[in-house]
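Me: Could you take a close look at one part of this model for me? I would like to follow a single buried charged side chain and then see how its surroundings fit into the rest of the fold.

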Amino acid sequence: MATTKRFEGKVAIVTASTQGIGFSIAERLGLEGASVVISSRKQKNVDEAVEKLKGRGIDVIGIVCHVSNAQQRKNLIEKTIEKYGKIDVVVSNAAANPSVDTILETQESVLDKLWEVNVKASILLLKDASPHLQSGSSVVLISSIAAYEPSASTAMYGVTKTALLGLTKALASEMAPDTRVNTVAPGFVPTHFADYLTKDASIRKTIEEKTLLNRLGTTEDMAAATAFLASDDASYITGETLVVAGGMPSRL
Ligand code: NAP
């Protein structure tokens with residue numbers, strides 16, 4: 001539960017934010033005072049999420065945006081500027097994991113989709129957003145624990161998430177000093193995205209045992225870490241990745 005108001009007067013865009021981790025991030029930023037722009041592919045999901053957030057007293061608008069659609073990305077930024085006139089926070093949260101094939105067996109079209117949604121769309125969104133980013137603004141990318149340890153069934157997805165760690169370093173340098181760029185690498189969180197793992201009791205138990213804290217993560221855990229990096233509490237942190245995975249093996 002948010003007790004501080006670190007985002008009063010700030011405008012935050014969160015992609016893929018009508019459920020799961022993105023929704024909780026939007027909710028957390030909104031409860032801490034941000035005006036929030038949420039989005040996802042389906043109008044119905046956008047409308048429902050907007051109503052939920054409004055019900056919590058959050059100043060929010062919702063816009064349909066499939067992150068790999070150039071026109072919809074442009075519209076997301078334009079509508080944000082029309083309504084709020086500036087951007088302080090961008091959280092790039094969308095990802096696809098369309099295949100469980102090994103890397104060498106992954107179809108070319110699937111390789112393209114993974115690159116497009118998981119990496120390229122973040123770059124292009126930031127390109128559109130950058131003229132409107134304020135001094136002191138903050139970008140947070142959402143990677144994954146799989147960036148460090150790609151498992152066999154999510155190998156290429158993991159590699160796209162590894163790419164985000166490099167992108168964080170490169171963009172932090174490119175966008176400094178006005179904009180900080182950091183990344184959150186979630187562990188396993190029981191959302192729709194991870195259903196195929198977390199709904200199976202034995203897989204779930206194996207994952208829980210890989211953590212030091214003996215539990216899966218929550219969307220609120222990810223929102224708290226994202227809000228920290230996006231806030232002025234992290235004003236001397238840029239180019240970093242925060243692993244939020246209950247102590248699962250990542251790196252020193
Ligand atoms: P989720 O609960 O399944 O939610 C996905 C959200 O993204 C929905 O709002 C969906 O709405 C939207 N969406 C999906 N594809 C989109 C696209 N191409 N463009 C725009 N919006 C899109 O997923 P999640 O678990 O919260 O995952 C969010 C992020 O966390 C992803 O980057 C994922 O890689 C990362 N992550 C998750 C876990 C985990 O265990 N859950 C672990 C590590 C990292 P529509 O259907 O309306 O588009």
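Reply: What follows starts at Glu32 and works outward to the sheet, the helices and a few other side-chain pairs.

Happy to walk through this with you; please keep in mind that the model is predicted. Glu32 sits in the loop that joins α1 (20-31) to β2. Is Glu32 buried or exposed? Its relative accessible area is 0%, so Glu32 is buried, the cut-off being under 20%.

Two partners of the Glu32 side chain come from the start of the chain. With the side chain of Thr4, Glu32 makes a polar contact at 2.8 Å. With Arg6, the side chain of Glu32 forms a salt bridge, at 2.9 Å from N to O. That salt bridge joins distant parts of the chain, as Arg6 belongs to the segment before β1 while Glu32 is in the loop between α1 and β2, 26 residues apart. The pair is also part of something wider: a network of salt bridges links Arg6, Arg28, Glu32 and Asp233.

Just after this loop comes the sheet, so to speak, of our second topic. Which strands make it up, and in what order? It is an open sheet of 7 strands, ordered β3-β2-β1-β4-β5-β6-β7, with parallel pairing. At its edges are β3 (60-64) and β7 (241-244), each of which pairs on one side only. From one strand to the next, the twist averages 20 degrees. Strands of a sheet pair through backbone hydrogen bonds, in either a parallel or an antiparallel way. Here, β1 (residues 11-14) and β2 (residues 35-40) pair in the parallel sense over 4 bridges, and Val11 stands opposite Ser35 in β2.

Helices lie across these strands. Helix α2 (residues 43-55) lies across β2 and β3, and runs at about 175 degrees to β3. Helix α4 (residues 108-129) lies across β4 (87-92) and β5, at about 170 degrees to β4.

Back to the charged pairs: how many salt bridges are there? The count comes to 13 salt bridges. Side chains of opposite charge can pair when their charged atoms come close. One of these pairs is Arg56 with Glu27, whose closest N and O atoms are 2.7 Å apart. Arg56 lies in the loop between α2 and β3 and Glu27 in helix α1, so this salt bridge ties together parts that are 29 residues apart in sequence. The two ends have their own surroundings: Arg56 is partly exposed, with a relative accessible area of 39%, whereas Glu27 counts as buried at 13%.

Another pair, Lys74 and Glu78, stays within one helix. Both residues lie in helix α3 (residues 70-84), 4 residues apart, which is about one turn of the helix. Their side chains meet in a salt bridge at 3.1 Å, N to O. Lys74 is partly exposed at 42% relative accessibility, and Glu78 is partly exposed too, with a relative accessible area of 38%.

For a contrast with Glu32, turn to Ala152, found in the loop between β5 (133-142) and α5 (155-175). Ala152 has a relative accessible area of 64% and is therefore exposed, the cut-off being over 50%. The C-alpha atoms of Ala152 and Val100 are separated by 8.0 Å, although these residues are 52 apart along the chain.

Note on methods:
Residues are numbered from 1 along each chain as its sequence is written. This is a predicted model: local features need pLDDT of at least 70, side-chain atom pairs count only at pLDDT 80 or more; totals for chains, interfaces and linings use all residues. Side-chain values use heavy atoms; hydrogens and water are left out. Helices (H or I, at least four residues) and strands (E, at least two) are DSSP runs, numbered from the N terminus. Buried means under 20% relative accessible area, exposed over 50%, partly exposed in between (1.4 Å probe, protein chains only). Two strands pair if DSSP finds at least two bridges between them. Axes are lines fitted to C-alpha atoms, for helices over the stretch in contact, and angles run from 0 to 180 degrees between N-to-C directions. Contact means heavy atoms within 4.5 Å. A polar contact is a pair of N or O atoms within 3.5 Å; within protein, one must be able to donate a hydrogen and the other to accept it, and residues adjacent in sequence count only if both atoms are side-chain atoms. A salt bridge is a side-chain nitrogen of Lys or Arg within 4 Å of a carboxyl oxygen of Asp or Glu.
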